[in-house]
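Visitor: I'd like a close look at one part of this model, the loop residue with the unusual backbone angle. Could you start there and then work outwards to what surrounds that part of the chain?

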Amino acid sequence: MATSPKQVVKDIMAELPTLLAVAVVETETGMPLASHSNIADFDIETAAAYNTEVVKAKLKAIAALKLNQTVQDILLTLTDQLHLLKLSPKGDQFVYLAVNARDTNLAQARQILKAQTAELL
């Protein structure tokens, strides 16, 4: 059953209440279709735009190398945060998730993203 970006954000928030930020982003434009941040000064639009460039660069690299592969997810490990990028099945959207590294089980976060992203419209 297909789910709207807004519902995906709500469902991820319910499953990972300690998240820092989450957004469903349009891959082509970098515009967030739905988002939420638990940090007042977290600029989700800027984060979405820059993470779109990360996704596009990885997809270009895969094409240039002629790899017969798809991106499962992209993990960026910061000092005390984990940022996960998970493409939708069609690749036209991705979910961006920022969590505190100390408070989050990475395997659990990846499973939640996998399940939620599979449901994107």
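Guide: Let's start with K66, which is exposed because its relative accessible area is 76% (buried means under 20%, exposed over 50%, partly exposed in between, with a 1.4 Å probe and protein chains only). Before going on, a word on the source: this is a predicted model, where local features need pLDDT of at least 70 and side-chain atom pairs count only at pLDDT 80 or more, while totals for chains, interfaces and linings use all residues. Residues are numbered from 1 along each chain as its sequence is written, and side-chain values use heavy atoms, with hydrogens and water left out.

Back to the backbone: most residues other than glycine have a negative phi. K66 is not a glycine, yet its phi is positive, about 55 degrees. K66 sits in the loop between helix 2 and strand 3; helices (H or I, at least four residues) and strands (E, at least two) are DSSP runs numbered from the N terminus.

That loop, between helix 2 (44–64) and strand 3 (74–77), also holds D73, whose partner R110 is in helix 3, so their pairing ties together parts 37 residues apart in sequence. The pair is a salt bridge, with the closest N and O atoms 2.8 Å apart; the rule asks for a side-chain nitrogen of Lys or Arg within 4 Å of a carboxyl oxygen of Asp or Glu. The count by that rule is 1 salt bridge. R110 itself is partly exposed, at 35% relative accessibility.

R110 leads us to helix 3 (residues 106–118), which packs with helix 1 (residues 5–15) at an angle of about 160 degrees, their axes 10 Å apart. Here the axes are lines fitted to C-alpha atoms over the stretch in contact, and angles run from 0 to 180 degrees between N-to-C directions. The two helices are therefore roughly antiparallel (angles over 145 degrees count as such). At the meeting point, V8, D11, I12 and E15 of helix 1 touch I112, L113 and Q116 of helix 3, where contact means heavy atoms within 4.5 Å. Sorted by class, that contact has 4 nonpolar, 1 polar and 2 charged residues (Ala, Val, Leu, Ile, Met, Phe, Trp, Tyr, Cys and Pro are nonpolar, Asp, Glu, Lys and Arg charged, and the others, Gly among them, polar).

Finally, A118 is also in helix 3 and is partly exposed at 47% relative accessibility. A118 and K90 are 28 residues apart in sequence and 9.4 Å apart in space, C-alpha to C-alpha.

Note on methods: Parallel < 35°, antiparallel > 145°, perpendicular 65-115°, else oblique.
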